[in-house]
Amino acid sequence: MELKADMCRLWPGGTLYGVRCQQSWSGIYLLERMLHSGSYASVVEYGSGHGALSLFLCCWAAQHGLAFQTVERYQAKLACDGGVTDTKALLARLGCVVSDLDCQAQATADAMAALTKAPRLWVIDNGNKPVEAALVAQVADASDVMLLHDYGTEVGDKSAPPGWAKWGPWQAEADDIEAKYLVLKKEQASG
Ligand SMILES: C[S@@+](CC[C@H](N)C(=O)[O-])C[C@H]1O[C@@H](n2cnc3c(N)ncnc32)[C@H](O)[C@@H]1O
């Protein structure tokens with residue numbers, strides 16, 4: 001069966017674990033596969049929103065021994081999104097703190113890098129993704145990967161920070177299933 005973008009869309013109105021989610025099913029599929037590649041020690045999410053993707057990443061991290069951090073400046077979004085408990089409280093029960101920090105501050109990237117070990121998967125789904133990616137690039141390890149959401153609308157090929165480039169295998173997969181991510185890795189120095 002051919003996978004069509006329309007079949008994969010969660011947003012607007014769709015939920016994951018009953019919580020509003022701004023990804024697509026194809027995005028969740030890609031993340032599941034990337035995480036299974038076994039390459040990461042930590043995951044950092046910029047922009048928790050209502051917390052659905054945070055729950056997914058947090059469960060994954062808890063299950064497989066990865067560190068997980070998520071950042072959201074407007075924490076009220078995580079309060080009782082149709083459930084009986086707020087998502088922030090649920091995340092806390094799973095051992096995840098939602099940091100009330102500004103993703104557009106260098107200090108936040110510094111703090112997230114200090115709290116986690118490389119290789120990291122940075123999931124950047126915030127207010128201004130190219131700006132946040134440029135800040136993350138200042139502290140990222142050569143083994144880290146950045147995933148910028150909304151490729152094709154908010155993010156394009158020129159959104160990569162200097163020294164970062166599309167990461168072939170996963171970018172090809174994201175394009176294939178219309179997962180709408182720009183997948184970046186640091187360019188290796190030649191010679
Ligand atoms: C697209 S939503 C995140 C969606 C979520 N990752 C998901 O998959 O459901 C972006 C979030 O970034 C938050 N945000 C925007 N600018 C921010 C900033 N400068 N610092 C921290 N959070 C910010 C917004 O409040 C919003 O909840």
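**Note on the strand order and the enclosure of E6**

1. In this predicted model, Val-123 has Leu-147 as its bridge partner in strand E7. The two strands concerned, E6 and E7 (residues 145–149), run parallel and are joined by four bridges. Between E6 and E7 the chain passes through helix H6 (residues 129–139), giving a right-handed β-α-β crossover.

2. Val-123 also stands opposite Glu-45. Here the pairing is between E6 and strand E3 (residues 42–46), a parallel arrangement with five bridges.

3. The burial of E6 deserves attention. Arg-120, Trp-122 and Ile-124 are buried on one side, and Leu-121 and Val-123 are buried on the other, so that both faces are covered. Because five of the five residues of E6 (residues 120–124) are buried, the strand is largely enclosed by the rest of the structure.

4. The wider context is an open sheet of seven strands with mixed pairing, in the order E5-E4-E3-E6-E7-E9-E8. Strands E5 (98–99) and E8 (164–166) stand at the edges; each has a single partner strand, so one side of each lacks a neighbour in the sheet.

5. On the E9 side of E7, the sense of pairing is antiparallel: five bridges link E7 with strand E9 (residues 181–186). One position to inspect is Met-146, whose bridge partner in E9 is Leu-184.

6. Helix H7 (residues 168–176) lies across E8 and E9, and its direction is at about 180 degrees to that of E9.

Note on methods: Residues numbered from 1 in each chain as written. Predicted model: local features only at pLDDT ≥ 70, side-chain atom pairs only at ≥ 80, totals over all residues. Buried ≥ 20, exposed ≤ 12 C-beta atoms within 10 Å, placed from the backbone. Pairing = 2+ DSSP bridges. Right-handed = clockwise from strand over helix to strand, strands pointing away. Contact = placed C-beta atoms within 7 Å. Axes fitted to C-alpha atoms, helices over the stretch in contact; angles between N-to-C directions.
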